[in-house]
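Visitor: Please take a close look with me at a single part of this structure, and explain each term as it comes up.

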Amino acid sequence: MRKLSLAFVLSLIAAITSSAAPGGAIHCGKLLDVRTGQLLSDQIVTFDAEGIITAVGPATSAAASGVDLSMATCLPGLIDVHTHITGDPTSNGYAGLGISVPRQAVTGVKNARLALRAGFTTIRNVGAGDYTDVAVRDGINASEIEGPRMLVSGPPLGITGGHCDDNLLPYEYHHKKEGVADGPWAARSKVREVIKYGADVIKVCASGGVLSKGDQPGTPQYSLEEMQAIADEAHKLGRKVAAHAHGTQSIKDAIRAGIDSIEHSSLIDDEGIMLAKQHGTYLVFDIYNDDFILQEGAKAGMLPESIEKEKKLGRLQRENFRKVFQAGAKIAYGTDSGVYPHGDNAKQFGKMVEWGMKPIDAIQASTINAANLLGWSEKVGSLEKGCYADLIAVQGNPLSDVKVLENVKFVMKAGSVVRNDFAK
Ligand SMILES: [Zn+2]
């Protein structure tokens, strides 16, 4: 955070009074510096017409104009690195077969708005049918619909009969998901294909999963050789890879293959933690949605076998989350939204604190760490000069009660106010 200087004050006055470059300013009663964990008092954030932050510093009388959030605590917009924006909890199991691709895109439009209004100004969507997330991203980027900044994967890559295939129908339907690819060269070809149709990031299913039929979360699916091919091809084409991996072996195979983030990470062991630290791999733990699956899953159409799998996995995942955090491995905030209702993304902060983090650690997971995983540290995840003016505000102090983040009252994306409940 910069100190007050004459040059700063002049730039502030210029930013606010110049009619050529409208931009704007936000006056924050408190502002959380997510790098240091310090809560700063009475700060002004100014931004230019492109919605880029031009300065952050102590308030002066010259800067009294702009949006008044003097009663609130400001933070950078939050980031969820594991969403399924085009799915809802009601589209699980056999019910999902009746939902068309265009209808999924419409669901994505609805959910993008919910995520943004809940304070998540950036999301990484890891898995959507038929490029529906690409369509939602492009609609947002063209300012046709409201939503967060999105990195999207399109269809997740997976083995025949695996978690990312669709195993609900019998053989005579000859149905398989569009991301299925077996063998290193088929997998490389699939990486090229999803990039061709708009993927920013590659999602692979390394192990079995909870919400799929006929597989086990702990069982490996993609081999080390296949994942090496996927990681190599993706990195060559400038994309990172996220691997769905509950199982102990698959987590280690994915890390050794050079994959950038492990999703779920449920059954990670000591060796896996050591490998993640050595390779700098991010671990993502979706530790809120267990509650939803167990309480609401059956009503939401999840298969009985899925509920049984979750019963075995949920607590172990939370215990391993605590272990990983204590061991100092890198953690990014990802929730698997779509398994639970979109817009509730912030409910995981409380779980992360319940299972060993301090509020600032959980907030860092959702800001600077998540931005780092996305490769977007220069533009999101902190309120600093040069970053997008993606800013949220809450009532109260998130460092003493992280659950205030469940009630975001102000959201701004690139300098445009999306919601301001304080003005009501
Ligand atoms: Zn997921």
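Guide: Two strands count as paired if DSSP finds at least two bridges between them, and the elements themselves are DSSP runs, numbered from the N terminus, with helices (H or I) of at least four residues and strands (E) of at least two. The model is predicted, so local features are used only at a pLDDT of at least 70 and side-chain atom pairs only at 80 or more, whereas totals for chains, interfaces and linings use all residues. Residues are numbered from 1 along each chain as its sequence is written, and side-chain values use heavy atoms, without hydrogens or water. As pLDDT is the predictor's confidence in each residue, from 0 to 100, it helps to know that the chain has a mean of 93, with 94% of its residues at 70 or more.

The part to look at is an open sheet of three strands, in the order β5-β6-β7, whose pairing is parallel. At its edges are β5 (78-83) and β7 (149-152), each of which pairs on one side only. On average, neighbouring strands here are turned by 15° against each other, direction ignored; for such angles, axes are lines fitted to C-alpha atoms, for helices over the stretch in contact, and the values run from 0 to 180 degrees between N-to-C directions.

Strand β6 (residues 120-125) is joined to β7 by four bridges, and Ile123 stands opposite Met150 in β7. Across β6 and β7 lies helix α3 (residues 132-141), which runs at about 155° to β7.

Turning to β5, we reach a zinc ion, whose protein donors are His82 (NE2), His84 (NE2) and Asp336 (OD), at 2.1 to 2.3 Å. Donors are N, O and S atoms within 2.8 Å of the metal (3.2 Å for Na, K and Ca), and because water is not among the atoms, sites may look incomplete. Along the chain the donors follow the spacing H-x1-H-x251-D, and the pair of His82, in strand β5, and Asp336, in the loop between β12 (331-332) and α10 (347-354), links parts of the chain 254 residues apart. Both His82 and Asp336 are buried, meaning under 20% relative accessible area, where over 50% would be exposed and values in between partly exposed (1.4 Å probe, protein chains only).

Finally, Phe349 has contacts (heavy atoms within 4.5 Å) with residues including Leu78, Phe120 and Tyr333, leaving aside its neighbours within four places in sequence. Leu78 belongs to β5 (78-83), and Phe120 belongs to β6 (residues 120-125).
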